[in-house]
Amino acid sequence: MSVDLSVNIGGGLTLANPFIAASGCFGYGVEYAGVVDLGALGAVAVKGLFLDEREGHPPERIVETPSGMLNAIGLQGIGVRRFVAEKLPRLRECGAVVIVNICGSSIEEYAEVARILDGAEGVAAIELNISCPNIEKGGMMFGSSLRGTHDVVAAVRRVTRLPLIPKLTPNVTDVASFAVAARDAGADAVSLVNTFLAMAIDVETRRPRLSNVVGGLSGPAIRPIAVRMVHECRQAVSLPLIGMGGIMNAEDALEFIIAGATAVQVGTANFVDPFIWKKLLAGLTGYLRRHGLAGLTDVIGSLELPARNAPCA
Amino acid sequence: MPVDVDAVVLSNARLSPDYNVLALAAPDIAIRAKPGQFVMVKPGRGDHPLLRRPFSVFEVLRDTGGVTGLSLLNKRIGVTTRTLFGLEPGAAVRCLGPLGRPFSPAAPPERAWMVAGGVGLAPFHGLAAALRARGVESTLFYGARSAGELFRLDAFRRLGVRLALATDDGSRGDHGRVTLPLERALRRLDPAVPLRLYACGPTPMMRAVTNLADAHGRRTEVSLEQVMGCGLGGCYSCVVPIRRGGEAPRFVRSCLDGPVFDGGTVVWDGLGAG
């Protein structure tokens with residue numbers, strides 16, 4: 001029995017399978033062209049791009065923590081124009097479905113980056129990074145205010161018809177209200193979660209382990225919180241959700257999908273195992289077969305909530 | 001193209017209370033590995049530690065049938081290296097490689113001087129073998145804490161490598177830094193003799209070697225050890241500040257552009273204390 005892993009993530013974009021390489025964890029995709037078949041992934045979300053080149057933070061940029069890692073890369077990047085000129089042609093050759101993650105220090109910069117991508121060949125969707133915890137201006141500054149979220153999404157919506165996917169930060173009290181704000185401003189989907197703002201200290205030197213002092217926590221350590229946040233967003237909005245946070249195997253991905261994610265992103269796990277994609281696909285296919293399901297759409301949002309009876313009341 | 005294998009531990013030779021040489025059945029990696037390249041290693045499948053760690057390929061192992069695997073020179077420091085120290089034959093280690101930009105081996109009449117500090121010996125066994133195959137006259141300057149931590153000297157001698165040793169406690173060779181015998185040798189060598197240096201060890205050592213060599217008009221290739229997330233260019237965590245030509249320094253990834261760099265291009269103040 002063949003199973004259908006394809007998913008529609010909004011804005012008319014259908015992916016052959018739900019597995020997307022997470023932005024910031026897969027370079028510009030081309031680095032992996034000799035390791036994996038980029039065309040076999042659902043999509044590739046490339047490293048966040050500003051209008052211009054950025055050098056990022058000095059080392060140390062990562063530190064490992066229990067079942068996770070902190071990073072403060074600082075969005076080192078080549079800028080959107082060099083990306084379009086140097087990386088996009090190769091990604092097209094590889095048959096990759098390319099989601100470009102974009103950043104800005106101002107709303108105008110987000111719109112300008114989006115405008116450039118709108119005119120480029122081979123961009124399937126734009127992911128709006130309003131959630132990077134590691135930069136002073138931009139990123140989470142917009143994504144941690146409902147007004148900022150709305151304004152960035154609305155401004156980019158005005159300049160492009162490409163599918164628009166704001167990436168939400170978990171560093172807020174009520175993530176679902178941000179999904180609502182993104183939807184109202186014209187988003188086609190939302191992806192969540194970016195990393196959790198966190199810190200680690202070397203007690204011998206009494207110094208922070210990261211040069212940026214604080215960084216973003218990713219990996220299995222955050223997965224249960226991320227699943228809860230996808231669940232909350234699913235209750236609040238009907239637009240497609242792209243879930244992520246510490247997915248290490250197909251079963252982890254299924255938690256997000258059952259909670260309501262249409263697709264998932266895999267980041268930290270790719271560092272541990274660059275060949276993970278085939279295993280994820282095999283695991284998901286095996287699950288659908290085992291449960292006698294024809295397609296993944298039968299699983300999305302299929303969470304069975306317990307009846308709310310209270311025997312001890 | 002790198003390969004990822006579940007490599008079986010063939011042997012674990014404990015050289016001292018802190019150092020061991022772990023032999024892994026990873027012939028597919030070993031056969032492709034060039035001197036100076038590295039592998040990303042993870043013992044066990046759990047989430048702690050989560051990430052792989054980078055290791056230089058120490059030896060390419062051979063028997064009469066050909067290449068059988070590779071070995072790692074390991075020093076017990078953190079959680080992964082403690083695990084690697086304790087492994088017994090038969091255990092499996094995930095091993096991805098070979099990765100990174102290798103050394104460029106000298107060719108006669110150029111001479112090769114390798115400068116190693118502590119566990120920084122690791123990439124030089126492979127380099128020494130390549131240099132011997134090319135007929136290059138080579139010397140190993142090797143510094144350690146004490147005589148008991150100067151390892152595998154016979155193996156280097158068998159490869160025709162001259163040895164110049166130094167120990168922190170003076171128990172063997174020069175009493176002090178490895179740069180002591182290196183500086184003497186640099187002074188003594190006729191400037192007309194072509195020479196290339198290679199350094200691997202603590203960052204301050206590699207910086208000192210680069211500067212010393214530069215003062216004598218010599219180039220040094222350094223093998224830097226940065227904290228790495230993936231080893232494949234995906235995470236941008238292993239960057240080092242490199243200045244090429246007259247340009248401003250740029251952060252480049254040591255997994256792709258390194259780990260071997262021209263020491264003269266490294267902006268040493270921008271690196272950690274190593």
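This tour moves through two interfaces of a predicted model, that of chain A with chain B and that of the two domains within chain B.

Before selecting anything, note that residues are numbered from 1 along each chain as its sequence is written, and that chains are lettered from A in the order in which they are written. Because the model is predicted, local features need pLDDT of at least 70 and side-chain atom pairs count only at pLDDT 80 or more, while totals for chains, interfaces and linings use all residues; side-chain values use heavy atoms, with hydrogens and water left out.

**Chain A against chain B**

Select the residues of each chain that are in contact with the other, contact meaning heavy atoms within 4.5 Å; the selection should hold 36 residues from chain A and 31 residues from chain B. The two chains bury about 2700 Å² between them, 59% of it on carbon and sulfur atoms, where buried area is the accessible area (1.4 Å probe) that two parts lose on being put together, summed over both. Next pick Glu64(A), Phe271(A) and Val272(A), which lose the most area to chain B among the residues of chain A and together make up 22% of what that side buries.

Now show the side chains of Arg250(B) and Glu53(A), which form a salt bridge at 2.6 Å, N to O; the term stands for a side-chain nitrogen of Lys or Arg within 4 Å of a carboxyl oxygen of Asp or Glu. Five salt bridges are found across this interface. Colouring chain A by DSSP runs (helices, H or I, of at least four residues; strands, E, of at least two), look at strand S5 (62–65), strand S6 (68–71) and helix H8 (268–272), each of which supplies at least two residues of the side that touches chain B.

**Inside chain B**

Turn to chain B and select domain 1 (3–99) and domain 2 (111–226), whose bounds come from an automatic or database domain assignment. Their C-alpha centres lie 24 Å apart, and their contact takes 16 residues from domain 1 and 15 residues from domain 2. Between these domains of chain B about 1400 Å² is buried, with carbon and sulfur atoms giving 64%. On the domain 1 side, select Tyr19(B), Phe58(B) and Leu73(B), which lose the most area to domain 2 and together account for 38% of what that side buries.

Finish at Arg152(B) and Glu59(B), joined by a salt bridge with the closest N and O atoms 2.9 Å apart; the count between the two domains of chain B is two salt bridges.
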